[in-house]
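Got a fold on the screen and want to talk it through? Let's go question by question.

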Amino acid sequence: APFKKFLRKIQWRFLVVDECHRAKSAGGVFSKFLGTLARHIPFRIGLTGTPCPHDILDAYGQGRFIDSSVYGTSNQLYKSRYASYLEITKKDETKFNKLVSFTNTREWNEKFHDMAYVVKAEDVQDLPEIVHSTRTCQLSSKEQRAYDEMRTQMIVEFREAQSAAVSVNVL
């Protein structure tokens, strides 16, 4: 929570989210946070190679932070506009909605392309080979503890550092 408060206090002008399909779950913590953070950021871009890995319902959470005017600000309204459900009652009388089909797909597609720039895989996959580079250095015992904490906890705290930049790739 402190880091979220810190991020909200900054007057961002630009937000770029790589692998933005990770915000597809509209009810997820990450998606909700991006939606809140993005409200006051004038320029927003989401980058992903798989915008809708499961179905068109995956687009709402991403659209909420990229441009909430495209699909609106209510996930319920979005789902009722673009999907059809059947209410099922189980033997124990509990009810749930089962997705039956998608609706208004032409409209959905037009709106999606209003906020998305789509490229063909063959146009962007002419990349050079990945180069892995290893740098070796000696760490003090204090630095080694901080590094080990970052590697295992994915967080490290600096109290008296002038500046620090940490880049961690999570697989």
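Q: Among contacts in the chain between residues at least 6 apart in sequence, what percentage join residues at least 24 apart?
A: Keep in mind that this is a predicted model. Take the contacts between residues at least 6 apart in sequence and pick out those that join residues at least 24 apart: the share is 52%.

Q: In what order do the elements of the chain run from the N terminus on?
A: There are 8 helices and 4 strands to place in the chain. Reading from the N terminus on, the order is α-β-α-β-α-α-α-β-β-α-α-α.

Q: Which helix has the highest confidence in the chain?
A: For the chain as a whole, the average pLDDT is 85, with 89% of the residues scoring at least 70. The low end among the elements is helix α7 (residues 121-124), at a mean of 77. Over residues 161-171 the pLDDT is below 50, and that stretch has 7 contacts beyond near neighbours in sequence. The highest confidence, 96, goes to helix α5 (residues 75-82).

Q: What percentage of the 171 residues count as buried?
A: The cut-off for buried is under 20% relative accessible area. Across the 171 residues of the chain, the share that counts as buried is 20%.

Q: Why do the buried residues of α6 sit on the same side of the helix?
A: In helix α6 (residues 105-115), the buried residues are Trp108, Phe112 and Met115. Exposed residues Arg106, Glu110 and Asp114 are carried on the face turned away from that buried side. Trp108, Phe112 and Met115 share a side because the arc they cover around the axis is only 65°.

Q: Which helices do the buried residues of α6 pack against?
A: The residues to follow are Trp108, Phe112 and Met115, the buried ones of α6. Their packing partners are α3 (59-66), α4 (68-71) and α5.

Q: Is α5 roughly parallel or oblique to α6?
A: The two helices pack at an angle of about 130°, and their axes are 9 Å apart. Roughly parallel would need an angle under 35 degrees, and roughly antiparallel one over 145. That makes the packing of α5 on α6 oblique.

Q: How many charged residues does the contact of α5 with α6 have?
A: On the α5 side, Tyr78, Arg81 and Tyr82 take part, and they meet Glu107, Trp108 and Lys111 in α6. Sorted by class, the contact has 3 nonpolar residues and no polar ones, and the charged count is 3.

Q: Which elements do the buried residues of α2 pack against?
A: Helix α2 (residues 29-38) has Ser31, Phe33, Leu34, Gly35, Leu37 and Ala38 as its buried residues. They pack against α1 (2-9), β1 (14-18), β2 (43-47) and α3.

Q: Is Gln62 buried or exposed?
A: Gln62 has its place in helix α3. Leaving aside neighbours within four places in sequence, Gln62 is in contact with Cys20, His21, Ala23, Lys24, Thr48 and Pro51. Its relative accessibility is 4%, so Gln62 counts as buried.

Q: Does Thr73 count as buried or exposed?
A: Thr73 is in the loop between α4 and α5. Setting aside neighbours within four places in sequence, its contacts are Tyr60 and Ser68. With 68% relative accessibility, Thr73 counts as exposed.

Q: What is the C-alpha to C-alpha distance between Thr73 and Gly63?
A: In sequence, Thr73 and Gly63 are 10 residues apart. In space, C-alpha to C-alpha, the separation is 9.2 Å.

Conventions:
Residues numbered from 1 in each chain as written. Predicted model: local features only at pLDDT ≥ 70, side-chain atom pairs only at ≥ 80, totals over all residues. Heavy atoms only, no water. pLDDT = per-residue confidence, 0-100. Contact = heavy atoms within 4.5 Å. Buried < 20%, exposed > 50% of the residue type's maximum accessible area, 1.4 Å probe, protein only. Arc of directions from axis to C-beta. Axes fitted to C-alpha atoms, helices over the stretch in contact; angles between N-to-C directions. Parallel < 35°, antiparallel > 145°, perpendicular 65-115°, else oblique. Nonpolar A, V, L, I, M, F, W, Y, C, P; charged D, E, K, R; others polar.
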